Amino acid sequence: MKKITLTLAGLLTLICLAAPQICEAQKKLYGLTTLGRGVFTYDLAAGTVDTLPHGPSGAGAGGTFNGSLMQASNGKLYGMSTDGGSGYGVVFEVVIETGTYTTVHAFDNTNGANPTGSLTEGANGKLYGMTNKGGGNNQGVLFEYNITTSAFRKILDFKTSNPGSNGGLPYGDLMKASNGKMYGMTFEGGIPGSRGLIFEFDPANDDYTVKKIFGAAGPSGPWHAKGHLVEAHNGKFYGLSSSGGQYGEGCIFEYDLAGDTVIVKYRWQVTDQGTGARVNGARPQGSLCLGSDSLLYGVTEFGGVANNGVLFTFNPETDEYLVKKSFEGAVTGQYPQGTLMQSSNGKFYGMTNSGGSAQNQYGTVFEYDRVADTLVSLYSFNNTYYLANPTYCRLLEVDVIPSGNGVSDKTTGIIAVYPNPAVSQVTIDLTGVELSSAGALAILFDVQGRKVVEQTITGRITRMPVAGLPKGMYFLKVENRESYVISRLVVE
């Protein structure tokens, strides 16, 4: 069957199950570094780093990048810079096929300033995010950006002081939960203590609710969280705080939405008072990553053998915490401040804020293989591409279409697959695609290549049930005429 390129919702991925060696060559990691040109790609097959051919330029673009990229349902990448534009930061768009970077919104302080996190797409196709400063109280805003109309809307101003404190100075992202609502954390506010809080936001009606105030039960709990929450397979939310936790070195905590409780599950601490050593890690700055094995993976900025940070796992079912690796400065990098991501190859990737080869010391791209239990540096940032010191960042895996591999680059239509992740059902939208008289066929495969659902598509809109399937990654194949397209789908 002939392969053609189709634009996919969320990923624009063309994955060839019959020829995995071609697919592996298509995988690239997209990321941001705080200093330099910002947006870069790391080719997993070639082991090379590159920047966008049409990257940010001019006074109205770019700046300092402290967050992460995400891929929206139109296939484009979106991110934010902390400054740039008029000095208050921007929302930018990247077209994967051309590598073109475009500023689509510039913050003006009144409607927000200096974002440090990432954007999240709602079920309505709009993007939601937060800024760290600006707004009516200069303590950040929660906002909406419409990728179809380019309209920006401020939803609320954060406020750290009473009366009416709803949080302030958020650093992280909004998490889209399985109930359709979004959840986030603020670094300050909430009173008493102004140590931050957990909130709930419903994009359907702009309803914002403070759920739990950090520090309300004393200093032993979480406070000053900079990352985002993660929903585990048990339905509970997990997060990291960079401070608090009784010993002041941070903690892992669990938020049970059903019981409305926050429980500290692990506290980092000084393990040798004489030397100040913290062999199990300390002061995480990012978020947890849910692995395909249902464990939570993360990194701390400090601690470990040489106080360069550690990579750890946490089992939400047994509360077991394990240090897997310590970072080694010039060997693997030091002071990771971001979040891990798991690639489709099963390995984890992340970045350190500094360290790397002795000539550079601007940070690394690293790989953790959980099967072999190895941590290796793949690339040390240097002045060649003006990339340096990634902060609060998470890499994004994107499957791109390389030239010269016999795959047509002609776009024949748009297939939208949403929501992704899916909980009970996934919608396949073939609006704008020419269908054969026999319609199309949708097949869902698990990661072992086993067919789990097959459904004939006769109309433009088809809903495929996924309720009851084990949570994890799947491949959705849509066949139409003499062509097919395959996209990754996550079932939660």
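## A quick tour of a strand-rich predicted model

At 8% relative accessibility, T41 falls under the 20% limit and so counts as buried. That residue is a handy way into this structure, which is a predicted model. The protein chain has 492 residues, and 56% of them count as buried. Its secondary structure adds up to 1 helix and 40 strands, so expect to meet plenty of strands below.

**The chain as a whole**

- Half of the story is long-range: among contacts with a separation of 6 or more, 50% come from residues 24 or more positions apart.
- The protein chain exposes about 18700 Å², and carbon and sulfur atoms supply 48% of that area.

**How confident is the prediction?**

- The average pLDDT for the protein chain is 84, and 84% of the residues score at least 70.
- Take care with residues 1-25, where pLDDT stays under 50. For this stretch the model has 86 contacts beyond four places in sequence.
- Residues 401-413 also have pLDDT under 50 throughout, and here the model has 25 contacts beyond four places in sequence.

**Two buried residues and their company**

- Back to T41: this residue sits in strand β4, which covers residues 39-43.
- Not counting residues up to four places away in sequence, T41 touches K28, L29 and Y30, along with T48, V49 and D50.
- E301 belongs to the loop between β25 (296-299) and β26. With a relative accessible area of 10%, which is under 20%, E301 is buried as well.
- Once neighbours within four places in sequence are set aside, the contacts of E301 include A282, R283, P284 and Q285. Others among them are N308, G309, Y335, P336 and Q337.
- E301 and G281 are 20 residues apart along the chain, and their C-alpha atoms are separated by 7.5 Å.

**Strands side by side**

- Four strands form an open sheet in the order β24-β25-β26-β27, with antiparallel pairing.
- β24 (289-290) and β27 (321-326) are the edge strands: each has a single partner strand, so one side of each has no neighbour in the sheet.
- Inside that sheet, β26 (residues 310-314) and β27 run antiparallel and are joined by 5 bridges. L311 stands opposite K325 in β27.
- Elsewhere, β30 (residues 364-369) pairs with β31 (residues 374-380) in the antiparallel sense, over 6 bridges. In this pairing, T364 stands opposite S380 in β31.
- β30 and β31 make a hairpin with 4 residues between the strands, and D373 there takes a positive phi near 55°.

**Aromatic rings**

- The structure holds 25 aromatic pairs.
- One of them is F107 with F152: the ring centres are 5.7 Å apart and the planes meet at 85°, so this is an edge-to-face pair.
- That pair links distant parts of the chain, since F107 is in the loop between β9 (100-106) and β10 (120-121) while F152 is in strand β13 (residues 152-157), 45 residues apart.
- F107 is buried, with a relative accessible area of 1%.
- F158 and F199 pair too, with centres 6.0 Å apart and planes at 50°, so this pair is tilted.
- F158 lies in the loop between β13 and β14 (175-176) and F199 in strand β16 (residues 197-202), so the pair ties together parts that are 41 residues apart in sequence. Both F158 and F199 are buried.
- Y266, W268, F312 and Y321 are linked by ring pairs into a cluster.

**Charges over rings**

- R195 has its charged end over the ring of W223, 4.6 Å from the ring's centre.
- K226 does likewise with Y171: its charged end sits over the ring, 5.2 Å from the centre.

**Backbone oddities to look up**

- The peptide bond from N162 to P163 is cis, with omega near -5°. P163 is found in the loop between β13 and β14.
- D319 is a residue other than glycine with a positive phi, near 65°. D319 is in the loop between β26 and β27, and at 34% relative accessibility it counts as partly exposed.
- Y392 is another residue other than glycine with a positive phi, near 55°. Look for Y392 in the loop between β32 (387-388) and β33 (396-399).

Key:
Residues are numbered from 1 along each chain as its sequence is written. This is a predicted model: local features need pLDDT of at least 70, side-chain atom pairs count only at pLDDT 80 or more; totals for chains, interfaces and linings use all residues. Side-chain values use heavy atoms; hydrogens and water are left out. Two strands pair if DSSP finds at least two bridges between them. Helices (H or I, at least four residues) and strands (E, at least two) are DSSP runs, numbered from the N terminus. pLDDT is the predictor's confidence in each residue, from 0 to 100. Contact means heavy atoms within 4.5 Å. Rings of Phe, Tyr and Trp (its six-membered ring) pair if their centres lie within 6.5 Å; planes under 30 degrees apart count as stacked, over 60 as edge-to-face and the rest as tilted. Buried means under 20% relative accessible area, exposed over 50%, partly exposed in between (1.4 Å probe, protein chains only). A charge sits over a ring if NZ of Lys or CZ of Arg is within 6 Å of the ring centre and within 35 degrees of the ring normal. Accessible areas come from the Shrake-Rupley method with a 1.4 Å probe; for residues, only the protein chains shown count as cover.
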